Amino acid sequence: MAADLSQIVKAYDVRGVVPDQWDEPLAELFGAAFAEVTGADALVTGHDMRPSSPGLARAFARGAARHGADVTGIGLCSTDQLYYASGALDLPGAMFTASHNPARYNGIKMCRAGAAPVGQDSGLAEIRELVERWLASGAPEPAARQGTISRRDTLRDYAAYLRSLVDLDSLRPLKVVVDAGNGMGGHTVPTVFDGLSVDLVPMYFELDGTFPNHEANPLDPANLVDLQKRVRAEGADLGIAFDGDADRCFVVDERGEPVSPSAITALVAARELAKNGGKGVIIHNLITSWSVPEVVEENGGTPARTRVGHSFIKAEMARTGAIFGGEHSAHYYFKDFWNADTGMLAALHVLAALGGQDGPLSALVAQYDRYAGSGEINSTVDDQAARLAAIRSAYAGRADVTVDELDGLTVTAADWWFNVRPSNTEPLLRLNSEARDEATMAKVRDEALAIIRG
């Protein structure tokens, strides 16, 4: 196929429509290029439940094996299970998933040994260049010694490792509704939760990459509606929703109300700091709530602000020796998990925190949810740079605000802040705003939107 890699190689991964934008022969070239760039003589692969995933994973393995690498396939898995395998086996890894994207999409999330990230600045650009060269000149010659392809089951080891990182012994009985969205949470949750003091109410655990019930994207409130209704109907203590590859988890309380991922970040940060003797660096991206650095400092830790995106978070985790990191998109990163993100471990922390005291989840998280936030609001624009310049012009001269450009444009005042970031893949600007009260937040949000959409 005449592939345009500029359309499918993103900042952090490979992602596109199958077979229109990429297919198995192209996956085979990616496998060879991944083996070349990492210099690995062995690697591990896994895949989600999408119809195209097994074939793409096999093709990638063939390409890597032809290039001389031994490939261990762990089969169906969540993305954080692939990171576990990369860390525990000390091997580079490739996960075949398009996360929360519609069924016709698929992609590759790649990492070096120990689950270290592969992004544009850490190998992905070189992989793209090799694949483009081979598309033009033909596939590389097979290695003199071709690699082997084998299978290994890591699910129980992954589950046991996660449970070893959280004290769940004093957990009171909890009724928990879990919406897997027909994604990989349906595969991992039963094993991870096995033996816990949890009455599990499963929703959409059947693996189905066509997503017959709703998109596996809990960031969209429409996809939480079924979970919210079920939590209320069951009288459950909480609900948990996972995205398609189960690396992100979203939480709703006993009333069916969504819990802010920033509140979960603050809760888990406090627990990780307590576990670490009240010391440690906690990473948070610049659109998390003011609550996060406040809670970190109150618990003896040092907050560190960084850009949005897992490659930035992981790099900063490694640079600072941080013990935990969180993003408002519900990605949670743990030093004890090779600095990689795992929504399942965050979910276990929530269970342990709730089950270790007698109150409801709404009361527990209230101390971590202190401000009024807008959530992320996307606006389609003709010229991202021009709109950002207009915002900068409107606010830069004001004495009562500061403006920084760590990631997009962040404007901060005493009682509010907002951030506007351009999408890397679409003609969008993404707005997040927060204030000390709802009325101020709405005013700030609407003023920023008027400029963005003006």
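**Loops, helices and burial in a predicted model**

Reader: Between which two elements does the loop with N339 lie?
Author: This is a predicted model. One element bordering the loop of N339 is a strand, β16, at residues 332-334. The other is the helix α12. N339 therefore sits in the loop between β16 and α12.

Reader: What is the phi of N339?
Author: N339 is a residue other than glycine. Even so, its phi is positive. The value is near 65°.

Reader: Is N339 buried or exposed?
Author: A residue counts as buried under 20% relative accessible area. N339 has 16% relative accessibility. That is under the cut-off, so N339 counts as buried.

Reader: Where does S99 lie, and what is its phi?
Author: S99 is in the loop between β4 (93-96) and β5 (105-112). S99 is not a glycine, yet its phi is positive. The angle is about 55°.

Reader: Why does S99 count as buried?
Author: The cut-off for buried is under 20% relative accessible area. S99 counts as buried because its relative accessible area is 4%.

Reader: Which peptide bond in the loop before α2 is cis?
Author: The loop in question runs between β1 (14-17) and α2, and P19 is found there. The peptide bond leading into P19 has omega near 0°. This cis bond runs from V18 to P19.

Reader: What span does α2 reach, C-alpha to C-alpha?
Author: Helix α2 covers residues 24-38, which makes 15 residues. At 1.5 Å a residue, 21 Å is expected. The distance from its first C-alpha to its last is close to that, at 21 Å.

Reader: Which residues of α2 are buried?
Author: An α-helix has 3.6 residues a turn, so residues three or four places apart point the same way. In α2, the buried set includes a run from L29 through F30, G31, A32, A33 and F34 to A35. The others in the buried set are L26, A27 and T38.

Reader: Which residue just after α2 takes a positive phi?
Author: The angle is about 70°. The residue with this positive phi is G39.

Reader: How many residues of α4 are buried?
Author: Helix α4 spans residues 79-89 and is mostly covered. Its buried residues include T79, D80, Q81 and L82. Y83, Y84, A85, S86 and G87 are buried too. Of its 11 residues, the buried ones number nine.

Reader: What is the phi of the residue that follows α4?
Author: D90 follows α4. Its phi is positive, near 55°.

Reader: Which residues does C111 touch, beyond four places in sequence?
Author: C111 lies in strand β5. At 1% relative accessibility, C111 counts as buried. L82, Y83 and S86, buried residues of α4, are among its contacts. The others it touches are F34, P92, G93, A116 and V118.

Reader: How far apart are the C-alpha atoms of C111 and L91?
Author: Along the chain, C111 and L91 are 20 residues apart. In space, their C-alpha atoms are separated by 8.7 Å.

Reader: Is V198 buried or exposed, and what is its relative accessible area?
Author: V198 has its place in strand β9, residues 198-203. Buried means under 20% relative accessible area. V198 therefore counts as buried, at 18%.

Reader: Which residues are in contact with V198, leaving aside its neighbours within four places?
Author: In sequence, V198 and G355 are 157 residues apart, yet their C-alpha atoms are separated by 9.6 Å. The contacts of V198 are L171, L174, V176, F193 and L351.

Reader: Which residues are in contact with G359, leaving aside neighbours within four places?
Author: G359 lies in the loop between α12 (343-355) and α13 (361-366). From N217 it is 29 Å away, C-alpha to C-alpha. Its contacts are R172 and L354.

Reader: What radius of gyration does the protein chain have?
Author: The chain has 15 helices and 22 strands. Its C-alpha atoms fill a box of roughly 65 × 55 × 45 Å along the principal axes. With 454 residues, a compact globule would have a radius near 22 Å. The chain agrees, at 22 Å.

Reader: What share of the 454 residues counts as buried?
Author: The protein chain exposes about 17400 Å², and carbon and sulfur atoms supply 47% of that area. Of the 454 residues, the buried share is 57%.

Note on methods:
Residues are numbered from 1 along each chain as its sequence is written. This is a predicted model: local features need pLDDT of at least 70, side-chain atom pairs count only at pLDDT 80 or more; totals for chains, interfaces and linings use all residues. Side-chain values use heavy atoms; hydrogens and water are left out. Helices (H or I, at least four residues) and strands (E, at least two) are DSSP runs, numbered from the N terminus. The radius of gyration is taken over C-alpha atoms; the globule rule is 2.2 Å times the number of residues to the power 0.38. Buried means under 20% relative accessible area, exposed over 50%, partly exposed in between (1.4 Å probe, protein chains only). Accessible areas come from the Shrake-Rupley method with a 1.4 Å probe; for residues, only the protein chains shown count as cover. The expected span of a helix is 1.5 Å times one less than its number of residues. Contact means heavy atoms within 4.5 Å.
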